[in-house]
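Biologist: I would like to learn how to read aromatic pairs and a DNA-facing surface in a model. Please take me through a case.

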Protein chains: 2
Amino acid sequence: MSAALPPASIPQEPIDRSDLRADLQPDLLQLGTGEDEPCLRADAARNRARLLEAAAGLVAEHGAAGLTMEAVAAAASVGKGTVFRRFGDRTGLLLALLDHSERKFQAALLSGPAPLGPGAPPVERLHAFGRAMLRRLADELDLQLAAEPGAERRFTSAPRRFLRGHVILLLRQAVPDADCELLAHTLMGYLDPVLVHHLTRQCRVPLDRLEDGWVDLVARVTGTEPPAEP
Amino acid sequence: MSAALPPASIPQEPIDRSDLRADLQPDLLQLGTGEDEPCLRADAARNRARLLEAAAGLVAEHGAAGLTMEAVAAAASVGKGTVFRRFGDRTGLLLALLDHSERKFQAALLSGPAPLGPGAPPVERLHAFGRAMLRRLADELDLQLAAEPGAERRFTSAPRRFLRGHVILLLRQAVPDADCELLAHTLMGYLDPVLVHHLTRQCRVPLDRLEDGWVDLVARVTGTEPPAEP
DNA sequence: AAGTTAAACGGACCTTGGTCCGGATCGCTA
DNA sequence: TAGCGATCCGGACCAAGGTCCGTTTAACTT
């Protein structure tokens, strides 16, 4: 159905991790690292835990949007520099806060039950993926929004790269002769937390409509018939 | 080809313009306002011009990314408060800098020659639209990037709304029984300056491939055959 | 021409993310 | 347990966007 584009893969800009604490990009694909820190000095690990706890508390209290780094530092009885050394920047801290949910979701994709996990046909998995993403975004929306990286890292943060990679894999199976990298960017754009926030919160679009929109989009992009609606 | 979704339009969040200078959102669709300011006091108009000139100079010198509001104020021999009163915020200033190009593009869409302007079938106009957008982004990329609004306004700035509205109109003609608002968001996502920057600058994807990707995407979304490649 | 008022001005001030480096700590080794 | 180097800590410091409010001035009225 499409022009036979060479599915040459897009060279991912080599992220220079030289100046980042291992902590910040636990693993490019977050696989294998059973737990967090491989080796942190005792005091560092203790402070890290206290910071996360303090941050979680402040988020629960004032909302993720109102979280300031100084407040976190103060609440953890720690210097501001410590927060930044550990998490790099504000986004890094928020990302760490989301890490648990993130890993759970990734696990569901990699080894959970079909159709989200392996075992179902790729198009079906795409449908399930989008629906799951939308629902997950609907919860956590505040946090996801606050964790939105600045323009530079919007497409290079570890979680985003993983999710995009997942979509690329499924698309390669579903539409082998398309430019799956670009198509994946398009699909992921639909699942952008900022867009979902805009539509659901500012425009009052019900989540159901977003899910239907996703299913329809996947059907169009893959050239398949949309599944019958229940 | 798609489930018959009710094309109920998405209620655009009523932008409260109460606290914004008319200047900032010259017109929701930027139609009709022959020139800029309807009524600015003489000194205000003079300062506005000086600020834009100064800003343009600084951008040419240090790049759009390095533009600071204080520098602009100083270069125009004006107080910092004046810059903010006139343009609202940094983004507003950058947007004003892009205003000329923006209007030209809008004019081309509304009354220029086909297929960009009216007269061609909608799918063909969509193809032309994306290609033109991509090329325009490729120039101006620095400015477009610097003018990227914060997360809140990413989908509500006047230029974006106009362009999205244009796409919605074309989609309504091309695929009347689809959820065109959501589809338009998807298509516009492909034309996001930040994405284009990521792909072209960070991943070294050639512009041609992006254009091919757009054409293919439009074909898939509208369920049409991709046009023959020259 | 003087008076009046709404608008514009300017720069001090605040906030917050992010940096820096001298000093304190940890954990290892002898 | 004393010594030592690598690691970590902390808070002063910086930059830059954005706000505030007392003062100035353009433009209209009489």
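Modeller: This is a predicted model. Start with two phenylalanines.

Biologist: Are A:Phe105 and A:Phe129 buried or exposed?

Modeller: Both A:Phe105 and A:Phe129 are buried.

Biologist: How is a pair of aromatic rings described?

Modeller: By two values, the distance of the centres and the angle of the planes. For A:Phe105 and A:Phe129 the centres are 6.3 Å apart and the planes are at 50°, a tilted pair. A:Phe105 belongs to helix α4 and A:Phe129 to helix α5 of chain A, so the pair ties together parts 24 residues apart in sequence. These two rings form one aromatic cluster with A:Tyr190 and A:Trp214. The charged end of A:Arg136 also sits over the ring of A:Phe105, 4.7 Å from its centre.

Biologist: Which tilted pair do B:Tyr190 and B:Trp214 form, in terms of distance and angle?

Modeller: Their rings are 5.9 Å apart, centre to centre, with 50° between the planes. B:Tyr190 lies in helix α8 and B:Trp214 in helix α10 of chain B. Both residues are buried.

Biologist: Now the DNA. How many residues surround DNA strand D?

Modeller: There are 22, and A:Arg41 and B:Lys80 are among the closest. By class, that surface has seven nonpolar, five polar and 10 charged residues.

Biologist: Which parts of the strand do the side chains of A:Arg86 and B:Lys80 approach?

Modeller: An N or O atom in the side chain of A:Arg86 is 3.3 Å from a phosphate oxygen of strand D. For the side chain of B:Lys80, the partner is a base oxygen, at 2.5 Å. The largest share of the surface near strand D, five residues, comes from α3(A).

Terms used: Residues are numbered from 1 along each chain as its sequence is written. Chains are lettered from A and ligands numbered from 1 in the order in which they are written. This is a predicted model: local features need pLDDT of at least 70, side-chain atom pairs count only at pLDDT 80 or more; totals for chains, interfaces and linings use all residues. Side-chain values use heavy atoms; hydrogens and water are left out. A residue is near a molecule or strand if one of its heavy atoms lies within 4 Å of it. A polar contact is a pair of N or O atoms within 3.5 Å; within protein, one must be able to donate a hydrogen and the other to accept it, and residues adjacent in sequence count only if both atoms are side-chain atoms. Helices (H or I, at least four residues) and strands (E, at least two) are DSSP runs, numbered from the N terminus. Ala, Val, Leu, Ile, Met, Phe, Trp, Tyr, Cys and Pro count as nonpolar, Asp, Glu, Lys and Arg as charged, and the others, Gly among them, as polar. Rings of Phe, Tyr and Trp (its six-membered ring) pair if their centres lie within 6.5 Å; planes under 30 degrees apart count as stacked, over 60 as edge-to-face and the rest as tilted. Buried means under 20% relative accessible area, exposed over 50%, partly exposed in between (1.4 Å probe, protein chains only). A charge sits over a ring if NZ of Lys or CZ of Arg is within 6 Å of the ring centre and within 35 degrees of the ring normal.
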